[in-house]
Amino acid sequence: MADHSEHHIVPRRVYYLVFITLIVMTWVTAIVSTIDLGRLNVFVALSIAIFKASLVILFFMHVKYGTKLTKMIVLAGLYWLILLLFIAMADLWTRGWMGVPGR
Amino acid sequence: MASHTVPHEPAPQEAVTLKHHFANEEQQKDASTIGMWVFLVTEIMFFGGLFLAYFAYRQEYPAAFASASNKTNLWLGAANTTVLICSSLTMALAVNAASLGKRKLLVLFLILTLMLGGAFLGVKAYEYHDKWVHHEVPGAHFDCEGCDDAGHAPLFFSLYFGMTGLHATHMLVGFVILVILIAQSAKGKYTAKWYTPIEMFGLYWHFVDIVWIFLFPLLYLIDRSKMGLK
């Protein structure tokens, strides 16, 4: 863990900036949801959520200033979550693509 | 330990807070951080199962999910998200105050975090009550008025109550820990040199915030504009 020599105190200005961004994005996503963008609605809502979550993880949870091992554990967790969601959903999304004999 | 072996000169925290199996304070703190993150990863997978259930059933019954999710109150949800983000800010500021050794400020920010969390659950309780009154709780009296594919609407509400309920349970656990931390902080247990429990609880609290950051669009937002489409 030699990659992290002095423990880091994040300036409060960073917290305030992240906070304001989170609040603004919350109301942006709420208002955009009332406008019909077709399939883009889901895309916009989830992109904003991922952006907000990334800000919380990097700055409020100090992962940006954390050790490489902490970063790896976070990424490994997200990787397994993506496996869980995408492999299961890939099954549901593609079931209709081919006719199944006998059904 | 016999008293004559303990010299009085070094800072008392050092002797108390550094466990003998760690080389130094930094290694001890890194170990705590990594342990906490491993726990949070198990929490990600725990909620992940519910998120998968949501995505899978939404894929199967889009009409039921679209009309049922429009029964949620968008502006109340957005206001409550704002409250929760405020509590995340006060928690981040609490950790900051602890790291600077500002005891009174630490206690103040922890109390603010608790109060904002309480406000969030208060609004949540109001929303639950509203759903109960309107027969939107799955069960014998369920009645989704004007819903498309109403037979599958209880699936949405089951997931709504399951996911927000599990989230609220996490907040209640957080309240208990917060009360303990407030009492300990007031007594001066945490110093600029050692405040690891405050920082680890901060990670937990922000994690709970992140879960809500995803629950809000999924339960309140993504089918909102389909209301007129039918």
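Two residues are in contact if their C-beta atoms, placed from the backbone, lie within 7 Å. Keep that in mind for the first exercise, and remember that you're working with a predicted model.

**Exercise 1. The contact between the chains**

Work out how many residues each chain puts into the contact, and which helix of chain B gives the most.

*Solution.* Start with the totals: chain A supplies 42 residues and chain B supplies 39. Next, sort the chain B side by element. H2 (25-60), H4 and H7 of chain B are the elements that each give two or more residues to the side touching chain A. Of these, H2(B) comes out on top, giving 17 residues.

**Exercise 2. A helix pair across the chains**

How are H1(A) and H4(B) oriented relative to each other?

*Solution.* Two packed helices are described by the angle between their axes and the distance between the axes. Here the players are H1 (residues 12-32) of chain A and H4 (residues 74-99) of chain B, whose axes come within 10 Å and cross at roughly 170°. Angles over 145 degrees count as roughly antiparallel, so H1(A) and H4(B) are roughly antiparallel. Then list who does the touching: on H1(A) the residues include A:Tyr15, A:Phe19, A:Leu22 and A:Trp27, and on H4(B) they include B:Leu74, B:Ile85, B:Leu89 and B:Asn96.

**Exercise 3. Checking H7(B)**

Find where H7(B) kinks, and compare its span with the expected one.

*Solution.* H7 of chain B covers residues 196-221, which is 26 residues. From first C-alpha to last it reaches 37 Å, close to the 38 Å expected at 1.5 Å a residue. Now look along the axis: there's a kink of about 30° at B:Leu215, shortly before the proline B:Pro217. As for its surroundings, H7(B) is mostly covered, with 22 of its 26 residues buried.

**Exercise 4. What covers H3(B)?**

Say which residues of H3(B) are buried and what covers them.

*Solution.* H3 of chain B runs over residues 62-69, and six of its eight residues are buried. Those are B:Ala64, B:Phe65, B:Ala66, B:Ser67, B:Ala68 and B:Ser69. The cover over them includes H2, H6 (153-186) and H7 of chain B.

**Exercise 5. Buried or partly exposed?**

Classify B:Cys86 and B:Glu127 from their C-beta neighbours.

*Solution.* The bar for buried is 20 or more other C-beta atoms within 10 Å, while 12 or fewer means exposed and anything in between is partly exposed. B:Cys86, in H4 of chain B, has 20 neighbours inside 10 Å and so counts as buried. In space, B:Cys86 is 8.0 Å from B:Thr113, C-alpha to C-alpha, with their positions 27 residues apart in sequence. B:Glu127 sits in H5 (residues 103-133) of chain B; its 17 neighbours make it partly exposed. Leaving out residues up to four places away in sequence, B:Glu127 touches B:Asn73 and B:Leu76. B:Asn73 is 54 residues away along the chain, yet the two C-alpha atoms are separated by 8.1 Å.

**Exercise 6. Two histidines with positive phi**

Where do A:His62 and B:His135 lie?

*Solution.* Most residues other than glycine have a negative phi. A:His62 has a positive phi of about 65°, and for B:His135 the value is about 60°. A:His62 belongs to the loop between H2 (40-60) and H3 (68-94) of chain A, and B:His135 to the loop between H5 and H6 of chain B. Their surroundings: A:His62 is buried, with 21 other C-beta atoms within 10 Å, whereas B:His135 has 14 and counts as partly exposed.

Key. Residues are numbered from 1 along each chain as its sequence is written. Chains are lettered from A and ligands numbered from 1 in the order in which they are written. This is a predicted model: local features need pLDDT of at least 70, side-chain atom pairs count only at pLDDT 80 or more; totals for chains, interfaces and linings use all residues. Helices (H or I, at least four residues) and strands (E, at least two) are DSSP runs, numbered from the N terminus. The expected span of a helix is 1.5 Å times one less than its number of residues. The bend at a residue is the angle between axes fitted to the seven residues ending there and the seven starting there. Axes are lines fitted to C-alpha atoms, for helices over the stretch in contact, and angles run from 0 to 180 degrees between N-to-C directions. Angles under 35 degrees count as roughly parallel, over 145 as roughly antiparallel, 65 to 115 as roughly perpendicular and the rest as oblique.
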